[in-house]
Amino acid sequence: MGILAKTLLYLGLFALLHFGYEATGWEVLRPVFGGSESVFEHLKMGFFAYLFASLLEFGSLRRRPVFPRGFWFSRLLATWAIPWMIVTTWYLVPGLFGRPLPLALELAWALGVTFLSGIFGGVLERGVEDERSSPFALRVVLVLFSVAAFFFVWFTYRTPWVDLFEIP
């Protein structure tokens, strides 16, 4: 799957995760779907949307005669990095302009940031998917990915005092 196709899939999944819980109210969706407009919830949606896009990508690629040897290493690394790509890109506007954007521009910027994070994730994973990772690097990525997944699910139910979890 090409980077643009995966990014569009990621955007669609992000939108589903963004509005799915609100539209249905199904409690079973809360661990991975967005439950509010907080920064945390948007980072969680990005993480899980990219993970689901990678799982779908695996389903479409697994029967190929030449399968990238670093597929899972690269996809888990990119999935772990997606929330931080969102943060570093999103905060460019407040960092440079120091004030909120009008609502229409903020929504356009949010869509652009999500799109860019998908592109950045795709470029990152393609850059390392054909490399053989060391066993230690693979363990590090698995630990970081697992801790992030735990973090996103656990804090859905036990919100700490940190401002990241407040609705701006």
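**Close-up views of a helical chain**

**View 1. Helix 2 and helix 6 lie oblique to each other.** Welcome to this predicted model; we begin with a pair of helices that meet at a slant. The axes of helix 2 and helix 6, the latter spanning residues 135-157, cross at roughly 130° and come within 10 Å. An angle over 145° would count as roughly antiparallel, and 65 to 115° as roughly perpendicular, so this pair is called oblique. The crossing of helix 2 past helix 6 is left-handed.

**View 2. A closer look at the residues joining helix 2 and helix 6.** On the helix 2 side, look for F40, E41, L43, K44, F47, F48 and L51. Helix 6 answers with F145, A148, A149, F151, F152, V153, F155 and T156. Sorted by character, the residues of this contact comprise 12 nonpolar, 1 polar and 2 charged.

**View 3. Helix 2 packs against helix 3.** Here helix 2 (residues 39-61) meets helix 3 (residues 71-90) at an angle of about 155°, and their axes are 8 Å apart. Because angles over 145° count as roughly antiparallel, helix 2 is roughly antiparallel to helix 3. The crossing of these two helices is right-handed.

**View 4. The residues where helix 2 touches helix 3.** From helix 2, the contact takes in H42, L43, G46, F47, Y50, L51, S54, L55, E57, F58 and L61. From helix 3 come F71, W72, R75, A78, T79, W80, I82, P83, W84, I86 and V87. This contact between helix 2 and helix 3 divides into 16 nonpolar, 4 polar and 2 charged residues. If some names ring a bell, that is no accident: L43, F47 and L51 of helix 2 are listed in the contact with helix 3 and also in the contact with helix 6.

**View 5. Stepping back to the protein chain, with its 6 helices and 0 strands.** Following the chain from the N terminus, you meet its elements in the order α-α-α-α-α-α. The radius of gyration is 16 Å, close to the 15 Å that the globule rule gives for 168 residues, so the chain is as compact as a globular protein of that length. Along the principal axes, the C-alpha atoms fill a box of roughly 50 × 35 × 30 Å. Of the 168 residues, 38% are buried. Among contacts with a separation of 6 or more, 75% link residues 24 or more positions apart.

Terms used:
Residues numbered from 1 in each chain as written. Predicted model: local features only at pLDDT ≥ 70, side-chain atom pairs only at ≥ 80, totals over all residues. Heavy atoms only, no water. Axes fitted to C-alpha atoms, helices over the stretch in contact; angles between N-to-C directions. Helix = DSSP H or I, 4+ residues; strand = E, 2+ residues; numbered from the N terminus. Parallel < 35°, antiparallel > 145°, perpendicular 65-115°, else oblique. Left-handed = near helix turned anticlockwise from the far one by under 90°. Contact = heavy atoms within 4.5 Å. Nonpolar A, V, L, I, M, F, W, Y, C, P; charged D, E, K, R; others polar. Rg over C-alpha atoms; globule rule 2.2 N^0.38 Å. Buried < 20%, exposed > 50% of the residue type's maximum accessible area, 1.4 Å probe, protein only.
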